[in-house]
Amino acid sequence: MRSVCYIYLIAVNTIAFIHYGADKRKAAHDKWRIPEVVLILFAWAGGGIGAFAGMVVFHHKTHKWRFRILVPLAMIVWGVTAVFIIYTGQYYHAGPEAEKYIKNVSDLPVTMNHAAVTVTEKSGVYCFEGPGTDTAIVFYPGAKVQTEAYAPVMYLIAQEGYDCFLVDMPFHLAFFGMNKAEAVMANHTSYQHWYMAGHSLGGAMAGNYAAAHPDQVDGVIFMAAYPTKSLKKKGIKALSLYGSQDGVLNQKHYQDSLSLMADDFTEIVIDGGNHGQFGDYGHQKGDGKSGIRQEEQWRQTAEAVARFLAK
């Protein structure tokens, strides 16, 4: 797919450059001209560099304000778009252990008990359905992390009796899908209690959703995350989990955020845990070296969530 995009951009810029040169020659020989709207559209179709180069090399349309403004603007828009696509296209991929929990194979690395869990996917939402029927969690993944990486923790929590809905995010950034919980809740009306949860940026966005919808949410579970909107005096309770070796979570911002935390607040520090091991996606840049295996961090996380929800 990426190679196709490269070929397209090379082609459209080359064609734009040629057309600007051809139109210059036509103007010099008083022949039929290429419409100006076509020349500008080449720039907005991704050929901004070729169009601008044609203007400079052939000294063509350089005195017309439409071209002096619209062609460079097209280059800027396409440049920003390219940077965004490249940035979001580089993300942490789910590891092989996470895939086992998605497929629900028989030799899972960690199980909480023998309760059966059914894993289904529909419209970008993974449902981990265990023996529970009353309470469910909507989980938002961390920034630039493949959604499936969080399958182990979701599976283990579901085994404890709390169904989990793991939500895929546009561009792997929960910022662009903060309100996706609304559709999940609307499509599953049998649950009496809903909790928002998330890791890192996903946790912050889960907290924002809860702050904006306190009538829909009983609480928030932050995994290496913190609120950016006030949860106080809204009848919401909160659980904060992070590893003692977390090198990504900004502790100053975390401590400052406690003024926004729910009145009913529980904090648990996982001894030896780090930032990335709330999922299965390998070592995250800037993270501390974990003192425990990722399977142990999954187990402790699921146990802490189960205790919190059982209160």
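This briefing describes one helix contact and several aromatic pairs. The structure is a predicted model. Helices α5 and α9 meet in it at an oblique angle, and a search of the whole structure finds 16 aromatic pairs.

**The contact between α5 and α9**

- Helix α5 covers residues 151–159 and helix α9 covers residues 294–310; their axes come within 9 Å and cross at roughly 40°.
- This crossing angle makes α5 oblique to α9.
- The crossing in which α5 passes α9 is right-handed.
- On the α5 side, the contact is made by P152, V153, L156 and I157, while α9 contributes W298, R299, T301, A302 and V305.
- Sorted by class, the residues of this contact are seven nonpolar, one polar and one charged.

**Aromatic pairs**

- Two measures describe a pair of aromatic rings: the distance of the centres and the angle of the planes.
- Among the 16 aromatic pairs is that of Y92 and Y281, which is tilted, with 5.4 Å from centre to centre and 50° between the planes.
- This pair links distant parts of the chain, 189 residues apart: Y92 lies in the loop between α3 (65–89) and α4 (96–103), and Y281 in the loop between β8 (264–270) and α9.
- Y92 is partly exposed because its relative accessible area is 25%, whereas Y281, at 5% relative accessibility, counts as buried.
- The ring centres of Y191 and W194 are 5.2 Å apart and the planes stand at 70°, so this pair is edge-to-face.
- Y191 and W194 are both buried.

**An aromatic cluster**

- One aromatic cluster is formed by F84, F171, F175 and F176.

Terms used: Residues numbered from 1 in each chain as written. Predicted model: local features only at pLDDT ≥ 70, side-chain atom pairs only at ≥ 80, totals over all residues. Heavy atoms only, no water. Axes fitted to C-alpha atoms, helices over the stretch in contact; angles between N-to-C directions. Helix = DSSP H or I, 4+ residues; strand = E, 2+ residues; numbered from the N terminus. Parallel < 35°, antiparallel > 145°, perpendicular 65-115°, else oblique. Left-handed = near helix turned anticlockwise from the far one by under 90°. Contact = heavy atoms within 4.5 Å. Nonpolar A, V, L, I, M, F, W, Y, C, P; charged D, E, K, R; others polar. Phe/Tyr/Trp six-rings, centres within 6.5 Å; stacked < 30°, edge-to-face > 60°. Buried < 20%, exposed > 50% of the residue type's maximum accessible area, 1.4 Å probe, protein only.
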